[in-house]
Amino acid sequence: MPVRRAVLVLACLFLCLASVLPCAAQENAEKQYAPYPPKQNDQLNVFIDLSEQEEQQRDTLLKQLEELFAITHKRFMVVIVGSIHDYPGTENVSLKIFGDALFERYGLYSSKKGYDDNALLLISAYEKQSYFRIGSDYMEGVDEKIQEINTSYILPLVREGRFLEAVSSNIPRIRHCLWIAYDPVPFPWDDVYIAAGALAIVLLLAALVKFFLKTSWLKSLFIVCGGFLFIIFDILAAPSNIYILKNIETPMDRLREMFTGGGGSGPETKARKKKATQHKKRRSEK
């Protein structure tokens with residue numbers, strides 16, 4: 001019996017601590033960030049009611065932001081509030097001033113390495129406005145580009161009430177604008193395959209030339225490479241000869257004329273058609 005009582009007492013104490021600690025942590029967070037909204041995590045902070053579909057969109061967006069952080073090691077925080085006027089005592093004169101104050105309150109002004117290269121996207125659901133704030137260590141012109149992304153792509157969806165989709169659908173644009181320098185450069189396998197294929201064709205043709213002409217490998221390669229260069233130069237010169245090529249009467253023109261009694265597109269055929277048309281016109285005038 002004493003053992004059972006001890007177990008029950010410990011279980012009750014554990015349940016009490018489990019219920020009290022989260023409340024205490026929330027109170028500490030509210031005191032730390034008050035009067036601004038308490039930070040929920042380093043990627044996504046949503047302070048509006050969501051539907052079931054929007055809950056799924058939030059989970060998807062959170063995964064995107066976590067993957068973005070894993071690649072860039074830079075914090076991009078998204079904050080969605082009901083209205084900036086829900087937080088009295090803050091600098092809620094405008095969305096920009098509120099966002100700048102939130103950027104500092106959440107500690108985004110400096111990263112662990114000491115660089116001011118984090119970013120914050122603030123969305124106000126009631127005002128249906130969005131504001132982008134980036135650190136001061138970005139190159140000149142980056143802020144203009146990110147504000148253009150906000151105005152052209154994010155803000156139209158925000159005005160339609162599609163807050164989470166406005167961010168999720170534009171993650172690639174944001175990443176390209178802010179952190180493209182941190183992207184791993186993919187190995188150009190396509191170029192390797194093309195080069196290997198071209199080399200294989202050259203060697204095959206050189207082997208055929210060597211076999212039929214009974215020459216050395218060096219001469220065979222010289223002949224093949226010379227042939228390729230001739231073809232390339234001929235192709236490059238083709239645009240300047242388009243007018244001449246269009247006016248050459250091809251064998252197909254002659255065959256078409258033999259079997260149809262006319263047709264063709266060569267200069268002689270065109271001249272005969274013109275004369276025939278003029279003759280018909282004179283006869284009709286008479």
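Helices (H or I, at least four residues) and strands (E, at least two) are DSSP runs, numbered from the N terminus. This is a predicted model, where local features need pLDDT of at least 70 and side-chain atom pairs count only at pLDDT 80 or more, while totals for chains, interfaces and linings use all residues. Residues are numbered from 1 along each chain as its sequence is written, and side-chain values use heavy atoms, with hydrogens and water left out.

**View 1. The whole protein, to get your bearings.** You're looking at 11 helices and four strands. Of the 286 residues, 29% count as buried (under 20% relative accessible area; exposed is over 50%, partly exposed in between; 1.4 Å probe, protein chains only). The accessible surface (Shrake-Rupley) comes to about 19900 Å², and carbon and sulfur atoms own 63% of that surface. Among contacts (heavy atoms within 4.5 Å) with a separation of 6 or more, 54% join residues 24 or more positions apart.

**View 2. Helix α3 and what sits over it.** Helix α3 runs over residues 95-105, and its buried residues are Leu95, Phe98, Gly99, Asp100, Ala101, Leu102 and Phe103. The cover over those buried residues includes three strands: β2 (76-81), β3 (119-124) and β4 (129-134). Just past the end of α3, Gly107 takes a positive phi of about 75°.

**View 3. A salt bridge inside α3.** Asp100 pairs with Lys96 in a salt bridge (Lys or Arg side-chain nitrogen within 4 Å of an Asp or Glu carboxyl oxygen). The closest N and O atoms of Asp100 and Lys96 are 3.2 Å apart. Both residues belong to helix α3 and sit four residues apart, about one turn of the helix. Asp100 counts as buried because its relative accessible area is 19%, whereas Lys96, at 46%, is partly exposed.

**View 4. Arg162 with two acidic partners.** Arg162 meets Glu160 in a salt bridge at 2.4 Å, N to O. Arg162 also bridges to Glu165, this time at 2.7 Å, N to O. Glu160 is exposed, with a relative accessible area of 51%. Arg162 is partly exposed at 33% relative accessibility, and Glu165 is partly exposed at 30%. Elsewhere, Lys39, Asp42 and Arg75 are linked in a salt-bridge network. A search of the whole structure turns up eight salt bridges.

**View 5. The nonpolar surface patch on α7 and α8.** This patch (nonpolar side chains joined within 5 Å, each residue over 30% relative accessible area and without a salt bridge) spans about 1300 Å². Its members are Ile201, Leu204, Leu205, Leu208, Phe211, Phe212, Leu213, Phe222, Ile223, Phe228, Phe230 and Ile231. Helices α7 (189-213) and α8 (217-237) each supply at least two of the patch residues, and α7 gives the most, with seven. Phe211 is part of α7, and it counts as exposed because its relative accessibility is 56%.

**View 6. A cavity lined partly by α2.** The structure holds one cavity of 30 Å³ or more (points on a 1 Å grid where a 1.4 Å probe fits but cannot get out). The largest cavity has a volume of about 40 Å³, the space filled by probe spheres set on the points, which are joined across faces, edges and corners. Its lining (an atom within 4 Å of a point) is Gln43, Leu65, Leu68, Phe69, Lys74, Arg75 and Phe76. Helix α2 (residues 52-72) gives the most to this lining, with three residues. You've met Arg75 already: this lining residue also belongs to the salt-bridge network with Lys39 and Asp42.

Note on methods. Patch = residues over 30% accessible without salt bridge, like charges linked within 9 Å, V, L, I, M, F, W, Y side chains within 5 Å. Areas by Shrake-Rupley, 256 points an atom, 1.4 Å probe, with all protein chains shown as cover. 1 Å grid on protein atoms, 1.4 Å probe; cavity = no way out; pocket = protein on both sides within 12 Å on 5 of 7 lines; lining within 4 Å.
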